[in-house]
Amino acid sequence: MGSNMNNDIYINVIGNAGVYIRYKNFGVIVDGFYEGFYDKERWEFADLEDETVEALYTSKAPFEALDYVLITHCHKDHFSAEKTMLLVQNQKLI
């Protein structure tokens, strides 16, 4: 669920460490494309919901404004090269 703090700023947690932030017509995703995996001894992270992935790849609400993807580091719970490349191929990103 997203949070509309006012009419200009929208923040949406999109799984694990992923966050989508929109300010007016400018949007950025931080660590939003990762691989789901399970290690009972350490942690569990699920893949993104199918509806979220579809909305991201097709610029549907709430991801109509997406300009940047920020990856803080390349751990599996923050980054997937395959999923990020799919997004880049389907979106016009800076």
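Two strands are said to pair if DSSP finds at least two bridges between them. In this predicted model, strand β2 (residues 9–13) and strand β3 (residues 19–23) meet that condition with 5 bridges, and they run in the antiparallel sense. Within this pairing, Ile11 stands opposite Ile21 in β3. The hairpin that the two strands form has 5 residues between them, and there Gly15 takes a positive phi near 115 degrees.

In a regular strand the side chains alternate between the two faces of the sheet. Strand β2 shows such an alternation, with Tyr10 and Asn12 pointing to one face, where they are buried, while Ile9, Ile11 and Val13 point to the other and are not buried.

From the buried face of β2, Tyr10 leads into the largest nonpolar core, a set of 12 residues that also includes Ile14, Tyr20, Ile29, Phe33, Phe63 and Leu87. The largest share of this core, 3 residues, comes from α1. Tyr20, itself a member of the core, touches residues from several parts of the sequence, among them Tyr10, Ile14, Ile29, Phe63, Ala65 and Leu66, when residues up to four places away in sequence are not counted. The contacts of Tyr20 also include Asn12, Gly27, Pro62 and Glu64.

Leu87, another residue of the core, belongs to helix α2 (residues 81–90), where it is buried together with Lys83 and Thr84. These three lie on the same side of α2, because they cover an arc of only 100 degrees around the axis. On the other side of the helix, Glu82 and Gln89 are exposed. The cover over the buried residues of α2 includes α1 (50–58) and β7 (68–70).

Turning to charged side chains, a search of the whole structure finds 2 salt bridges. In one of them, the side chains of Glu64 and Arg22 meet at 3.2 Å, N to O. This pair links distant parts of the chain, since Glu64 lies in the loop between α1 and β7 whereas Arg22 lies in strand β3, 42 residues apart. Arg22 counts as buried because its relative accessibility is 18%, under the 20% limit, whereas Glu64 is partly exposed, with a relative accessible area of 46%.

Glu54 and Lys60 also meet through their side chains in a salt bridge, at 4.0 Å, N to O. Here Glu54 is partly exposed, with a relative accessible area of 42%, and Lys60 is likewise partly exposed, at 46%.

Terms used
Residues numbered from 1 in each chain as written. Predicted model: local features only at pLDDT ≥ 70, side-chain atom pairs only at ≥ 80, totals over all residues. Heavy atoms only, no water. Buried < 20%, exposed > 50% of the residue type's maximum accessible area, 1.4 Å probe, protein only. Helix = DSSP H or I, 4+ residues; strand = E, 2+ residues; numbered from the N terminus. Arc of directions from axis to C-beta. Contact = heavy atoms within 4.5 Å. Core = buried A, V, L, I, M, F, W, Y, C linked by side-chain atoms within 4.5 Å.
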